[in-house]
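Hi,

Here is the structure I promised to pass on. Have a look at it first, and then read on for what turned up in it.

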Amino acid sequence: MSQIVVTQVRSAIGAKPKARGALRALGLGKIGRSHTLPDRPEIRGMLRKVSHLIEVEEVGNAETA
């Protein structure tokens, strides 16, 4: 399964409560903090909710064949 590295680049101050909750669920909360997550539809939905606050980088397949 592929992985996604998510980095928070903007503050959540002034963001809506659901966007703040999505950041917390993604393991973020401070500018510059990064978290590696699996590439799943529910994660993609949270990323879409806070796309204006984060940067997303896709990492290749974590498992070796």
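**The sheet**

Start with β1 and β3: these two strands run antiparallel, and 7 bridges join them. One pair you can look up is Val5, whose bridge partner in β3 is Glu57. Before you go further, keep in mind that this is a predicted model.

Zooming out, the sheet is an open one made of 3 strands, in the order β2-β1-β3, with antiparallel pairing. β2 (34-38) and β3 stand at the edges with a single partner strand each, so one side of each has no neighbour in the sheet. From one strand to the next, the twist averages 25°. As for what holds such a thing together, strands of a sheet pair through backbone hydrogen bonds, either parallel or antiparallel.

**The core**

Which residues have the most contacts inside the largest nonpolar core? They are Val6, Leu23, Leu26, Leu47, Val50 and Ile54, and the core has 15 residues. The elements that give two or more residues to this core are β1 (2-8), α1 (17-25) and α2 (41-49). The largest share comes from α1, with 3 residues.

Try clicking on Leu26. Setting aside residues up to four places away in sequence, Leu26 touches His35, Leu37, Ile43, Met46, Leu47 and Val50.

Leu37 is on that list, and it makes a good next stop. You will find Leu37 in strand β2. Is Leu37 buried or exposed? Leu37 is buried, because its relative accessible area is 8% and buried means under 20%. Beyond its neighbours within four places in sequence, Leu37 is in contact with Ser2, Gln3, Ile4, Val6, Leu26 and Ile43. If you want to practise with the distance tool, try Leu37 and Lys16: they are 21 residues apart in sequence, and their C-alpha atoms are 23 Å apart in space.

**The salt bridges**

How many salt bridges does the structure hold? There are 3, and here they are one by one.

In one of them, the side chains of Arg40 and Glu42 meet, with 2.7 Å from N to O. Arg40 is partly exposed at 33% relative accessibility, and Glu42 is partly exposed too, at 44%.

Another brings together the side chains of Arg44 and Asp39, at 2.8 Å from N to O. The relative accessible area is 28% for Arg44 and 23% for Asp39. Why do both count as partly exposed? Because partly exposed is the range between under 20% and over 50%, and the values of 28% for Arg44 and 23% for Asp39 fall in it.

Then there is Glu58, which forms a salt bridge with Arg44, the closest N and O atoms being 3.0 Å apart. This pair links distant parts of the chain: Glu58 is in strand β3 (residues 54-61) and Arg44 is in helix α2, 14 residues apart. Glu58 is exposed, because its relative accessible area is 53% and exposed means over 50%.

Did you spot which residue turns up in both of the last two pairs? Arg44 does, and salt bridges that share partners join Asp39, Arg44 and Glu58 into one network.

That's the tour. Have fun turning it around on your screen!

Cheers

Key: Residues are numbered from 1 along each chain as its sequence is written. This is a predicted model: local features need pLDDT of at least 70, side-chain atom pairs count only at pLDDT 80 or more; totals for chains, interfaces and linings use all residues. Side-chain values use heavy atoms; hydrogens and water are left out. A nonpolar core is a set of buried Ala, Val, Leu, Ile, Met, Phe, Trp, Tyr and Cys residues joined through side-chain atoms within 4.5 Å. Buried means under 20% relative accessible area, exposed over 50%, partly exposed in between (1.4 Å probe, protein chains only). Helices (H or I, at least four residues) and strands (E, at least two) are DSSP runs, numbered from the N terminus. Contact means heavy atoms within 4.5 Å. A salt bridge is a side-chain nitrogen of Lys or Arg within 4 Å of a carboxyl oxygen of Asp or Glu. Two strands pair if DSSP finds at least two bridges between them. Axes are lines fitted to C-alpha atoms, for helices over the stretch in contact, and angles run from 0 to 180 degrees between N-to-C directions.
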